[in-house]
Amino acid sequence: MMTTEPASLESLRVLYQSDDYIVVDKHWDIRIDSKMWYEKQTVQAQLRHRFPQLADPSTYYGFRFCHQLDFSTSGALCVALNKAAAGRAYRCFKDRTVTKAYLALVRGSVEEETQTLDFSIGKNSSEGKTHMMCVEGTEGCENPKPCQTELTVLEYGLYDGDPVTKVLLQPLTGRTHQLRVHCCAIGHPIVGDFTYSLGADDAPYRMMLHAHLLHLPLEPQPLLVSAADPFLPAVDAKWLPQRSLRTLTDTVEALLEHRAEEDRKIKEEKRERERREEERRKGRRKQRTEESEEQRTRCQEWLSEWAGD
């Protein structure tokens, strides 16, 4: 279970381990890796400390991280233990077949219980904000690209006396800071997001964003891992749930069933395309065969006529 204690080399939580992958529950105040000599606390350092025999000297950091989580985001983080496994995971991310879902506490009461956040996001070129992203139409927004996030309200409550909403966020694309920017865009920034509150939201001990679910449709065995919900009164007494709309378990099950149905349809469409293409190839082969037979018959008739002459 996630705690309010700072990270340490020994505090690495392993959620899943095989010959090809390790999935860890990244702490909320630690970077994945760093080129800065003074950054001693990183996930890479934790992995080296726990699994020195698994470090690969042919890689810069010793481990192949399949995806990224922000410094202040906790939760499921997948690490490939060899080049082939990294390639398989990379293809899943490239083909957008990975399912990810994040838990968050956001400021205010989100009225629309389920919604698709559809805001193009680009880099903020404004002075003093070049480390941030922004939605299209914002002054200084450079090269915005389309991105979508599905938001589902789980429960309403208070954090340190202020109204907040616990939500499940499913990114359908993978832009930098996407969830944080999208939540800000609808007027419900993530609790404790120091950067996107421009330093104003500095009272909470952490940013309340957690990578809860990770599903990679690997063959022959898919990888499905969840990192326990850290936003519970037992962990942080400042969070006081008041009204629940749906459970996390039911919401995640519905999400996975919906994704499985989508994947099934995609596979069926692919099989149908392949079937039609094979029929076209057979048709072309048959046509060529029939043409060849016709040509052979004409040739024989011509030779018979020529021999008769």
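The expected span of a helix is 1.5 Å times one less than its number of residues, and this is the yardstick against which helix α2 of this predicted model can be read. Helix α2 covers residues 83–94, 12 residues in all, and reaches 16 Å from its first C-alpha to its last, close to the 16 Å expected at 1.5 Å a residue.

The two sides of this helix have distinct surroundings. Ala-85, Ala-86, Ala-89 and Cys-92 are buried in α2, and because they cover an arc of only 120° around the axis, they lie on the same side of the helix. An α-helix has 3.6 residues a turn, so residues three or four places apart point the same way. On the other side of α2, the exposed residues are Lys-83, Tyr-90 and Lys-94. The cover over the buried residues of α2 includes strands β2 (21–26), β3 (64–65), β4 (74–80) and β12 (209–216).

The ends of α2 also deserve attention. At the N-terminal end, Asn-82 acts as a cap, with a side-chain oxygen 3.3 Å from the backbone nitrogen of Ala-84. Just after the helix comes Arg-96, which takes a positive phi of about 60° although Arg-96 is not a glycine; this residue is found in the loop between α2 and β5 (99–107). Most residues other than glycine have a negative phi, and most peptide bonds are trans.

Two further places in the chain can be set beside that general statement. Asn-143, a residue other than glycine, has a positive phi near 50°, and Asn-143 is found in strand β9, which runs over residues 141–145. With a relative accessible area of 57%, Asn-143 is exposed. As for the peptide bonds, the one that joins Glu-219 and Pro-220 is cis, with omega at about 0°, and Pro-220 has its place in the loop between β12 and β13 (223–226).

Two other helices can be described through their buried residues. In helix α1 (residues 43–50), Val-43, Gln-44, Ala-45, Gln-46 and Leu-47 are buried, and the buried residues of this helix pack against β2, β3 and β4. Helix α3 (residues 178–185) is mostly covered, since six of its eight residues are buried; these are Gln-178, Leu-179, Arg-180, Val-181, His-182 and Cys-183. Just after α3, Gly-187 takes a positive phi of about 80°.

Strand β1 (residues 14–17) contains Val-14, which is partly exposed, with a relative accessible area of 31%. Leaving aside its neighbours within four places in sequence, Val-14 is in contact with Ile-22, Val-23, Val-24, Arg-50 and Phe-51. Gly-122 lies 108 residues from Val-14 along the chain, and the C-alpha atoms of the two are separated by 34 Å.

These elements belong to a protein chain that has four helices and 14 strands. Its radius of gyration is 27 Å, well over the 19 Å that the globule rule gives for 309 residues, so the chain is more spread out than a compact globule. The C-alpha trace spans about 110 × 50 × 45 Å along its principal axes. Of the 309 residues, 42% count as buried, and of the contacts with a separation of 6 or more, 64% are accounted for by residues 24 or more positions apart. The accessible surface of the chain comes to about 17500 Å², and 50% of this belongs to carbon and sulfur atoms.

Notes
Residues numbered from 1 in each chain as written. Predicted model: local features only at pLDDT ≥ 70, side-chain atom pairs only at ≥ 80, totals over all residues. Heavy atoms only, no water. Buried < 20%, exposed > 50% of the residue type's maximum accessible area, 1.4 Å probe, protein only. Arc of directions from axis to C-beta. Contact = heavy atoms within 4.5 Å. Polar contact = N/O pair within 3.5 Å; in protein donor to acceptor, adjacent residues only side chain to side chain. Rg over C-alpha atoms; globule rule 2.2 N^0.38 Å. Areas by Shrake-Rupley, 256 points an atom, 1.4 Å probe, with all protein chains shown as cover.
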